[in-house]
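Please work through the following exercises with the sequence and the model at hand, and try each task before reading its solution.

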Amino acid sequence: MKMNLPNKLSIFRIILVPFFMFFIACPVLGEGISRIVAAAIFVIASLTDMIDGMIARKYNLITNFGKFIDPLADKFLVFGALITMLARYTYLKGFVIVATVVFFRELAVTSMRLLVVKGSGKVIAASWLGKVKTVSQIVCIVTLLTEPVIFGKIPFFEAYHPLSYITMTVMTVMTLWSGIDYLSAYLPGIDSND
């Protein structure tokens, strides 16, 4: 199968995942610089999500493979970041709960997508709410990586990590909201006899 440019960008996004995970897990450049490098790679990978969608829509390159691989690449991106951050950064209270909510939502929606494809052959594309959820996850992860570097010398930020907690809250709300939206829209159409 010959892949178009948007699908190649989705694959490129998946390829970048181990690189930012490495800089989170192994701060070979020092903690601060490694966090910035990890955040930069994560942002570049995240931008490919926006770019591949724009190209696909503009040049009518939307394919069923693209509808499937694009959200899957997003999940690899977010899961990779959350798993390595959970292992490395233990200072944020409640991050385990937030990450668990994200994991379960993503697995539930992905499972439902697969059931819908199996039952009807229809591939569920990302909704606007799903896209807002993805942006909230990207902003949260970048904030968690960079807040200690940018504001680490300020006692209030060092003690309370306010930006991290605000973005974690927004990400959790959007993750739950978009998950409920997908499930309520598509769960009734799944054949329970399959």
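**Exercise 1: H2 beside H3**

H2 passes H3 in a left-handed crossing, where left-handed means that the near helix is turned anticlockwise from the far one by less than a right angle, and right-handed means clockwise. Helices (H or I, at least four residues) are DSSP runs numbered from the N terminus. The model is predicted, so that local features need pLDDT of at least 70 and side-chain atom pairs count only at pLDDT 80 or more, while totals for chains, interfaces and linings use all residues. Residues are numbered from 1 along each chain as its sequence is written, and side-chain values use heavy atoms, with hydrogens and water left out.

Task: state at what angle H2 and H3 pack, and which residues meet.

Solution. Begin with the axes, which are lines fitted to C-alpha atoms, for helices over the stretch in contact, with angles running from 0 to 180 degrees between N-to-C directions. For H2 and H3 the angle is about 165°, and the axes lie 10 Å apart. H2 is therefore roughly antiparallel to H3, a term for angles over 145 degrees. Next take the contacts (heavy atoms within 4.5 Å): Glu31, Phe42, Ala45, Ser46, Asp49 and Asp52 of H2 meet Asp70, Asp74, Leu77, Ala81 and Arg88 of H3. Sorted by class, the residues of this contact are four nonpolar, one polar and six charged. In this sorting, Ala, Val, Leu, Ile, Met, Phe, Trp, Tyr, Cys and Pro count as nonpolar, Asp, Glu, Lys and Arg as charged, and the others, Gly among them, as polar.

**Exercise 2: H2 beside H5 and H1**

Task: describe how H2 packs with H5, and then how the axes of H1 and H2 cross.

Solution. First, H2 and H5 pack at about 160° with their axes 8 Å apart, and H2 is therefore roughly antiparallel to H5. The crossing of H2 with H5 is left-handed. On the H2 side the contact includes Phe42, Ser46, Asp49 and Arg57, and on the H5 side it includes Lys131, Thr134, Ile138 and Val149. The residues of this contact divide into 12 nonpolar, four polar and four charged.

Second, the axes of H1 and H2 come within 9 Å and cross at roughly 170°, and these two helices are therefore roughly antiparallel to each other. The contact of H1 with H2 has 18 nonpolar, three polar and three charged residues.

**Exercise 3: The empty space**

Task: find how much space lies in the largest pocket and in the largest cavity, and say which helices line the pocket.

Solution. Start from the definitions: on a 1 Å grid over the protein atoms alone, a cavity is a set of points where a 1.4 Å probe fits but cannot get out, a pocket is an open set with protein on both sides within 12 Å along at least five of seven lines, and lining residues have an atom within 4 Å of a point. Grid points are joined across faces, edges and corners, and a volume is the space filled by probe spheres set on the points.

The largest pocket holds about 710 Å³. Of its 32 lining residues, Asp49, Gly53, Arg57, Asp70 and Lys131 are the closest to its centre. H1 (5-25), H2 (31-58), H3 (64-88), H4 (95-120) and H5 (128-151) each supply at least two lining residues, and the largest share, nine residues, comes from H2. By class the pocket lining has 13 nonpolar, eight polar and 11 charged residues.

Turning to cavities, there are two of 30 Å³ or more, and the largest holds about 50 Å³. Phe68, Pro71, Leu72, Lys75, Thr110 and Arg113 line the largest cavity, and H3 gives the most to this lining, with four residues.

Technical notes:
Parallel < 35°, antiparallel > 145°, perpendicular 65-115°, else oblique.
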